[in-house]
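Biologist: Please take a close look at a single part of this model and then follow its surroundings outward. I would value one connected account, with the cut-off behind each term.

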Amino acid sequence: MSLLSVTGLGIGFGGLTAVGKVDFSVEPGEIVSLIGPNGAGKTTLFNMISGLYLPDRGRVTLDGEDVTAMAPHRLAARGLSRTFQNLQVFLRMTVLENVMAGRHLAERGPILADLLALPGSRRRSRATEAAARKLLARVGLERGAERDASELPYGALKRLEIARALASGPRLLLLDEPAAGCNAVETGEVDQLIARIAGEGIAILLVEHDMKLVMKISNHIIVLDHGEKIAEGAPGEVARNPKVIEAYLGSQGGKEAAGALD
Amino acid sequence: MRTLSPKYATLIALIALIALAPLFFPSTFYYRIGALIFINGLAVIGLVVLIGYAGQISLGHAGFAGIGAYACALGPIHLGLAPVLSLVLGAVLSGAIAWLVGRPILRLRGHYLAVATLGFGILIYIVLNNEAQLTGGPDGMPVEGLGLRGLLESAGFAVKASKLWYWLAALVMLAGALLALNLHDSPTGRALRSLHDSEVAAHTVGIDVARYKLTAFVISAVYASVAGSQIALMNEFVSPDIAGFLHSIELLTMTVLGGAAMVFGAVIGATILTALPQVLTALQDFEHIVLGLIMMLVMIFMPEGLVPSLARLVRRRPR
Ligand SMILES: Nc1ncnc2c1ncn2[C@@H]1O[C@H](COP(=O)(O)OP(=O)(O)OP(=O)(O)O)[C@@H](O)[C@H]1O
Ligand SMILES: [Mg+2]
């Protein structure tokens, strides 16, 4: 059974179709990339899968369970986690606290215990801090963990979001343009990070414009254009697909996609 | 070397404030002002949890102060409850009402939430005003005192009511501050603060946003209720004004002026806005103008509130 399965999923905004009827699935431990030109509907698809948008049609299942339109916090409890294209960092909290908040499902407890700082509450906080520091080290942000998150540069915030998403202990991680705004070195780091996460058995659904990155690390690629799936398959097949080349024609992405294979 | 955690720094500062202030009191009348400051401080600490931690607004929290106050007025008469138990009953009632009202209201955001909470406050005020048989209506009603002073006297300790209330209100406020500070760095506190910054992100990491907003609303309602009860017990009298719109605005202004994000800021806000009108009475007609001016200037130059802005200045200084 697929870990994530999306069937006939679609949504419109004010009469305009943003996503038509999209089908695809993600198997456990796989890296699946979702690519397509700007406005193709990639983020909208993420928003429907993660419960932020109510789809007009179609179904989303996790491990066979219908989770269509389920509230995001309940999806998180089922092992779905994500990052955001337009950063959604907790800017008034420290770097460390951002990741600690990501471990909410594991650290939450009776409110009275938190108000009274009972030993159980403090123990949960300590365990969360230790786990968060480990995750920060994994994304290379272990130094300056006590700083306010607002003091970090853009690329670091992207990695902070990944650490926070990992803190909830996902089985499926949705990454929306994790390498956007990163230089070549940082992109390389993101690349390695994603590979390592996948190596631990966490499935990844990736939206990314950096074609080199996509072609290199994906097991499977889905191409979206104008809200419809126009192609899917292994990186090699997809990059040679005439429909895909046409969708990207003239755009940098198309040349890169073709170039990445040479 | 580890620096003092914000929690202990705040507690020490508050204890110092409480212990040292009486040294500067020219007369026992000032104990009463001090008690009022601490009582307001308690309500404002509750609002720090709601506004500063969770990022929600309320223009109707005086309504909960009213519920707490009238619980102390009516509990002894109609239920035969001791005044202290009436305070507890009021707190439970306020928490329950906050839970019921908060569920639909907290789905709203920003201005809409402000107006809905405003409506709630007005509703409580009108009920207290109109149910004259029960509440005495606009004229208010007497409240049975705490009885602690008599108890102390029979044990051989004679103490003035204003002094007793000063220390009592200080203790209650300290307890309230301790709980709020505990909460700040707990799992619940992190959940509240994260939904303040990004509801979407909080939701996707597994935080039940609606539930935690409600939690903050209920906690702050209980704080306001206990504060209202204390005012009633101290004055041995209560009128519907305690639930009035002006009182809600006063509490909100104290919170924002001092700095909604910090417990210590809230107490400073309560101190300034409780004490200043007493000091400014010398200016007579200009009192309100000066007060308004001070508030505007602080908000223009220190939008985060007095204490967080000053704390930032201190931290920025090269060491
Ligand atoms: N909340 C919304 N309200 C109205 N229209 C929306 C909304 N969200 C997305 N859209 C529209 O849906 C379409 C798809 O947008 P989406 O953000 O999903 O594209 P994308 O593939 O993520 O693009 P990009 O690569 O630029 O991030 C766009 O036309 C967009 O304007
Ligand atoms: Mg997008």
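**A helix pair and its surroundings**

Modeller: Glu161(A) and Arg164(A) are 3 residues apart, about one turn of the helix, and both belong to helix 7 (residues 154–167) of chain A. The model is predicted, so that local features require pLDDT of at least 70 and side-chain atom pairs pLDDT 80 or more, whereas totals for chains, interfaces and linings use all residues. Residues are numbered from 1 along each chain as its sequence is written, chains are lettered from A and ligands numbered from 1 in the order in which they are written, and side-chain values use heavy atoms, with hydrogens and water left out. Helices (H or I, at least four residues) and strands (E, at least two) are DSSP runs, numbered from the N terminus.

The two residues form a salt bridge, with the closest N and O atoms 3.5 Å apart; the term denotes a side-chain nitrogen of Lys or Arg within 4 Å of a carboxyl oxygen of Asp or Glu. Are the partners buried or exposed? Glu161(A) is buried because its relative accessible area is 2%, and Arg164(A) also counts as buried, at 2%. Here buried means under 20% relative accessible area, exposed over 50%, and partly exposed in between, with a 1.4 Å probe and protein chains only.

Both residues touch Val89(A), whose other contacts include Leu157(A), Leu160(A) and, from chain B, Asp197(B), when residues up to four places away in sequence are not counted. Contact means heavy atoms within 4.5 Å. Val89(A) is situated in the loop between strand 6 (80–82) and helix 3 (95–102) of chain A, and it is buried because its relative accessible area is 7%.

The loop that carries Val89(A) leads to the metal site. The magnesium ion (ligand 2) is coordinated at 1.9 to 2.0 Å by Thr43(A) through OG1 and Gln85(A) through OE1. These two residues, 42 apart, link distant parts of the chain: Thr43(A) is in helix 1 (residues 42–49) of chain A, and Gln85(A) in the loop between strand 6 and helix 3. Donors are N, O and S atoms within 2.8 Å of the metal (3.2 Å for Na, K and Ca); water is not among the atoms, so sites may look incomplete. Thr43(A) is partly exposed, with a relative accessible area of 26%, and Gln85(A), at 32%, is likewise partly exposed.

Chain A also holds a salt bridge between Glu65(A) and Arg78(A), at 3.0 Å from N to O. That pair, 13 residues apart, joins Glu65(A) in strand 5 (residues 65–66) to Arg78(A) in the loop between helix 2 (72–77) and strand 6. Glu65(A) is partly exposed at 34%, as is Arg78(A) at 25%. Over all chains, the structure holds 17 salt bridges.

The contact of Val89(A) with Asp197(B) turns attention to the interface. Chain A contributes 32 residues to the contact and chain B 27 residues. The area buried between them is about 2700 Å², 60% of it from carbon and sulfur atoms; His73(A), His104(A) and Leu115(A) supply 23% of what chain A buries against chain B, more than any other three residues. Buried area is the accessible area (1.4 Å probe) that two parts lose on being put together, summed over both.

One polar interface pair involves Ser125(A), in helix 6 (residues 119–138) of chain A. The side chains of Ser125(A) and Arg190(B) make a polar contact of 3.0 Å. A polar contact is a pair of N or O atoms within 3.5 Å; within protein, one must be able to donate a hydrogen and the other to accept it, and residues adjacent in sequence count only if both atoms are side-chain atoms. Ser125(A) is buried, at 12% relative accessibility.

Across the interface there are 3 salt bridges, and Arg193(B) meets Glu97(A) in a salt bridge of 2.9 Å, N to O. With both residues at pLDDT 80 or more, 10 residue pairs are in polar contact across the interface. Elements giving two or more residues to the side of chain A that touches chain B include helix 2, strand 6, helix 3 and helix 6. Helix 3 of chain A provides the largest share, 4 residues. By class, this side has 17 nonpolar, 7 polar and 8 charged residues; Ala, Val, Leu, Ile, Met, Phe, Trp, Tyr, Cys and Pro count as nonpolar, Asp, Glu, Lys and Arg as charged, and the others, Gly among them, as polar.
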